[in-house]
Amino acid sequence: MLCECQQRQATIHEVILQHGKKVERHLCEQCASLQGVSTDPHMPISQLISNYISGKNLSIPTVSDKDTPKSQSPKPGSTPPCPTCSMTYSKFKDTGLLGCPSCYTSFQKRLSPLIARAHDGGEQHIGKVPRRALASLGRADGAGLESLIGGASEREQRLGQVRDKLNHAVAHEDYERAAMLRDEMTRLASLPTSTPASGSASQIESRQDAPSPALEESS
Amino acid sequence: MQANEPSGQAQEFPERSGQKRSIPHINIEGQAIKGKGLEGKGLEGKGNPMIVGGPVQTGTTEWLKGTGEMCDVVMSSRARAARNLAGFPFPPAASSADRSQIMEICRRCIESLAHEEGTTVRWFDLRNSEPIDRRLLVERQLMSRQHARGRYSNGEGGPDSPRGLAVLEPHERVSILVNEEDHLRVQAIRAGLALQDCLDEINRFDDGIEEVVEYAFHPQFGYLTACPTNVGTGLRLSVMVHLPALKITGELEKVRNAASDMGLAVRGLYGEGSQAAGEFYQISNQVTLGRSDEMLLREIEHEVVPSIVRYEQHARAQLITENRPLLEDKVFRSLGILRGARLLKPDEALEHLGLVRLGVICKVIQDVPLESIHELLLLIQPGHMQRMLGKELSQSERRIARATLVRERLSLDSK
């Protein structure tokens, strides 16, 4: 089979799902590299597939496009400025910089889809939490903390998403990715709910109680 | 080396009441009270005093040590956490007075931090620093170019904008940027592939800082940053790799594509926007939200980088066994140019140093120590050359000086 350039044999055969339709492309190595199609022979095929499936190759629209939330695109100027620092949304659009921490709350609706797009679909912080935030949220109301580390319903939803991805990975024999997703599911399932009594929360707590050796040395 | 300046004298916060606040409703008192928590901890005025100002080191630095895991391919690892104080505008949107105040809080906070015995924190107030010092700090990868300029991407700020840098000496493994795009950017560097160590180090400092100040944090978005591309963990993990063999075998693009498919950025040696001369690349994550520190670390340190290292090692082995004349031709030509040139541009020097490094590691070049090459990677930069020669040099003078320096360090009778 000839490449799209009609000059060389096509050696790279790419099949992607674009807006739910199967699109096949047959390219020679030169054209493929020009068009940014990865042709790495060292790369395990399962990894290539997983990259496309997870939509990491942002230059090519993939099936995961429909997962990313579409911007609600309210009329320009409809978002009031941040009450804390009077930053406007349009100024943010110009510079890419927000004015103060409160801007995240002030513009939350419009920022959320934007942020998710910039972070490969990531919408919820996972990982380290400042001890103070954990403590104050825990004190103020259990629900705050719950949303922080994922309330029951939210976690269920996230677990569902991961489960879907896992099934996908298994179906495509990408066991490396599947293992990673399985770990993530285990971790999600073991997160504490409303009391900071286990997992990451308790780690942070214990750190506060016992002064670290380094601190003692210096004093 | 240790200057005994009484730096910890002015311990009080600047007068707050008289300051005009450009931003309403922001409660700065909250932060001030946290600052007072210091006394209770018995940290005030104790520990190793912070040294203010003074000379920037010019000797070799952590990222050029040439040691560590996979050091034939991996030059260094770096982790950076972006953090902001609650209740203050982000630096690009803050007034100069706000920035001064933020800087003072951060400086005092850093001063209170515990650090390893035998290390010293040196504080650079970048408003009053010499341009050459700022340049050296950038060249040593202790801070960004943007921080040296002091101008934010929204056009605010300038050379006199209140901002600072703390460097943990003598190893220069940790640096903390104050009032860059975010209030605090804590960076840790290690030679070789050692992201876990970098992350542990950052967490130690991060926890220490948090003892004193309150961070801006959002239940959904995580650690809040001026630019939403950094929210979440605020963590950037990056690894500098040297991939000359993949360049020669023509497989480099595949690696680059594979890395960007994985959502990783590939940049040149001297950071954002710089050319990848010498085939030195920095590979770093772009996503910071929705993936935990551990997930990011695992992906980069245990999956992506080791596989890139294997490709490069494979390409090197292939060159040695199957195409030795090509390899020898490339590396000895470069060595010849470096030993003979009378004028050298930075990119040209870097390109040939990269190939000579390949030759030394593949044991094709026997009479050049690896340390000389690593040292030159630092010294051929304009700031270091000017500091070494003790005067400012024009571009053409620098080319002459660079060629002379390289010739001296690589000459046959220098050993």
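Helices and strands are taken here as DSSP runs, of at least four residues (H or I) for a helix and at least two (E) for a strand, numbered from the N terminus. On this basis, the elements of chain A in the predicted model run β-β-α-α-α-α-α-α-α-α-α-α-α from the N terminus on. Chain A thus comprises two strands and 11 helices. Of the 219 residues in chain A, 26% are buried. Where contacts in chain A link residues at least 6 apart in sequence, 39% of these contacts join residues at least 24 apart.

Chain B is divided into two domains, with domain 1 covering residues 51–313 and domain 2 covering residues 323–414. The C-alpha centres of domain 1 and domain 2 of chain B are separated by 27 Å. To the contact between them, domain 1 of chain B contributes 20 residues and domain 2 of chain B contributes 23 residues. On the side of domain 1 of chain B that touches domain 2 of chain B, helix H3 (131–139) and helix H6 (244–248) of chain B each supply at least two residues. The most is given by H3(B), with four residues. The composition of this side of domain 1 of chain B, by class, is nine nonpolar, seven polar and four charged residues.

Chain B also contains an open sheet of nine strands with mixed pairing, in the order E1-E3-E4-E5-E6-E2-E9-E11-E10. The edges are occupied by strand E1 (51–52) and strand E10 (264–268) of chain B; each has a single partner strand, so one side of each is left without a neighbour in the sheet. Within this sheet, strand E9 (residues 235–242) and strand E11 (residues 280–285) of chain B pair in the antiparallel sense over five bridges. In E11(B), the residue opposite B:Met240 is B:Gln282.

Helix H10 of chain B spans residues 346–361. Because a rise of 1.5 Å a residue is expected, the 16 residues of H10(B) should span 22 Å, and the 22 Å between its end C-alpha atoms agrees with this value. H10(B) is mostly covered, as 13 of its 16 residues are buried; a residue counts as buried if 20 or more other C-beta atoms lie within 10 Å of its own. After H10(B) comes B:Lys363, which has a positive phi near 60 degrees.

Conventions. Residues are numbered from 1 along each chain as its sequence is written. Chains are lettered from A and ligands numbered from 1 in the order in which they are written. This is a predicted model: local features need pLDDT of at least 70, side-chain atom pairs count only at pLDDT 80 or more; totals for chains, interfaces and linings use all residues. The expected span of a helix is 1.5 Å times one less than its number of residues. A residue is buried if 20 or more other C-beta atoms lie within 10 Å of its own, exposed if 12 or fewer, and partly exposed in between; C-beta atoms are placed from the backbone. Domain bounds come from an automatic or database domain assignment. Two residues are in contact if their C-beta atoms, placed from the backbone, lie within 7 Å. Ala, Val, Leu, Ile, Met, Phe, Trp, Tyr, Cys and Pro count as nonpolar, Asp, Glu, Lys and Arg as charged, and the others, Gly among them, as polar. Two strands pair if DSSP finds at least two bridges between them.
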